[in-house]
Amino acid sequence: MDKTGRNDPCHCGSGKKYKKCCIFKDAKKKNANRNSAAAANDELAYAMEEEQFDSLEQMQEFANLFINKRNISALEEFHGLSPDQMHQFLYHPFESPELVTFNENFIGDIESPMLSIFLSVADAIGENELKATAKGNLPAKLCKQIALEQADYLHSLYSRVGSIHKQDDFMELCMVMHIADIAGLIKKSKGKFRLTQKCQKLLARKRQAQLYLELFKSFAIQYNWAYNDLYDELYIIQQSFLFTLYLLHKYGSEYKHNSFYADSFKNAYPMAIHEIEQTPYSEPEEDLRRGYTVRCIDRFAHFAGLIEVKATENRKQRVFEGFELKTTTLFDNIINFKI
């Protein structure tokens, strides 16, 4: 198809000149696979071509107003969020009460594999201490017991409860111990595990929601999601966790295929593909989708108890391509978006 000139009739059939109709929308589509700064510069250039300026100061004022307006305008690739709101999501996820709050005053049972595993460990430690193994891990008997308690969750993934004999065999338990340490809830010294005073107070007050959010925040911000998997670092997957929660808030009331969320992430952060090293075995775009699904959907949202999943294909391949998901009641009780 021939390129539409700026003064030609718009291709959409509106009867308007192209420059007065779809030129900005087409520019956004053209820049879909470029970074947002480059896209903004192109849109600004288009806008400035239609203006006449008497001074550099007048040109700068126009540019500032244009960029400010763009930054507060909802973008399709952000599913209705503005660049300013996305910035808050990325850099101030727990300090943006005008966008989202987390309800630490919720009273009720919290069904979350992450919290459930933690409470089992905390119960085993008790008010005293729990002796670690020679390698500094939890006793094998306790690991097997917790694995049996989490059989339904582990089965929904691809783990075999019977193959868990020690802590190193139980990835989810290792994650919880690390997260609890980061959150300042469990400490190990002189070969023994103990609950911190902060943890003991929360348990004594039966503040499950507050305890959950202590783990949740450390998991979201400080725990390294890329640890012990085979994908590229791709920190943007973790940094954008609140965008994923926003998508779940917006679309998660009904089951949707995991590919919807993976594609939405890819479209919002297209430059992430360029961070992936090309290999003969897979395409960067597919690695991006899989890395996102494993880390953000399975190991974060599912493990935190914010979504429920159901397999639609071979269960062992579910992590990659065969499952649907929707939000749980915990999501609605704990996370409150205001947009």
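**Exercise 1. The second largest cavity**

Which helix gives the largest share of the lining of the second largest cavity?

*Solution.* The model is a predicted one, in which local features need pLDDT of at least 70 and side-chain atom pairs count only at pLDDT 80 or more, while totals for chains, interfaces and linings use all residues. Residues are numbered from 1 along each chain as its sequence is written, and side-chain values use heavy atoms, with hydrogens and water left out.

Step 1 is to fix the term: on a 1 Å grid over the protein atoms alone, a cavity is a set of points where a 1.4 Å probe fits but cannot get out, and lining residues have an atom within 4 Å of a point. Grid points are joined across faces, edges and corners, and a volume is the space filled by probe spheres set on the points. Two cavities of 30 Å³ or more are found by this rule, and the second largest cavity holds about 40 Å³.

Step 2 is to list the lining, which consists of Asn224, Trp225, Ala226, Glu233, Leu234, Tyr235, Ile237, Gln238 and Arg295.

Step 3 is to assign the helix, where helices (H or I, at least four residues) and strands (E, at least two) are DSSP runs numbered from the N terminus. Helix α11 (residues 235-239) supplies the largest share of this lining, with three residues.

**Exercise 2. The sheet around β4**

Determine the strand order of the open sheet of three strands, and describe the two faces of β4.

*Solution.* Step 1 takes the pairings, two strands being paired if DSSP finds at least two bridges between them. Strand β2 (residues 130-131) runs antiparallel to β4 and is joined to it by two bridges, with leucine 130 having phenylalanine 193 as its bridge partner. Strand β3 (residues 186-189) also pairs with β4 in the antiparallel sense, over four bridges; lysine 187 is opposite arginine 194, and serine 189 is opposite lysine 192.

Step 2 reads off the order, β2-β4-β3. Because β2 and β3 stand at the edges, each with a single partner strand, one side of each is left without a neighbour in the sheet.

Step 3 turns to the side chains of β4 (residues 192-195), which alternate: Phe193 and Leu195 point to one face and are buried, whereas Lys192 and Arg194 point to the other and are not. Buried here means under 20% relative accessible area, exposed means over 50%, and partly exposed lies in between (1.4 Å probe, protein chains only).

**Exercise 3. Two residues with positive phi**

Are histidine 79 and lysine 190 buried or exposed?

*Solution.* Step 1 recalls the background: most residues other than glycine have a negative phi.

Step 2 places histidine 79 in the loop between α3 (56-71) and α4 (83-91), with a positive phi of about 55°. Its relative accessibility is 15%, so histidine 79 counts as buried.

Step 3 places lysine 190 in the turn of the hairpin that β3 and β4 form with two residues between them, again with a positive phi of about 55°. Lysine 190 has a relative accessibility of 86% and therefore counts as exposed.

**Exercise 4. Serine 120**

Identify the contacts of serine 120 beyond its neighbours within four places in sequence.

*Solution.* Step 1 locates serine 120 in helix α5 (residues 113-125), where it is buried, with a relative accessible area of 15%.

Step 2 applies the contact criterion (heavy atoms within 4.5 Å), which yields Ile146 and Glu149 as the contacts of serine 120 once those neighbours are left aside.

Technical notes: On a 1 Å grid over the protein atoms alone, a cavity is a set of points where a 1.4 Å probe fits but cannot get out, and a pocket is an open set with protein on both sides within 12 Å along at least five of seven lines; lining residues have an atom within 4 Å of a point.
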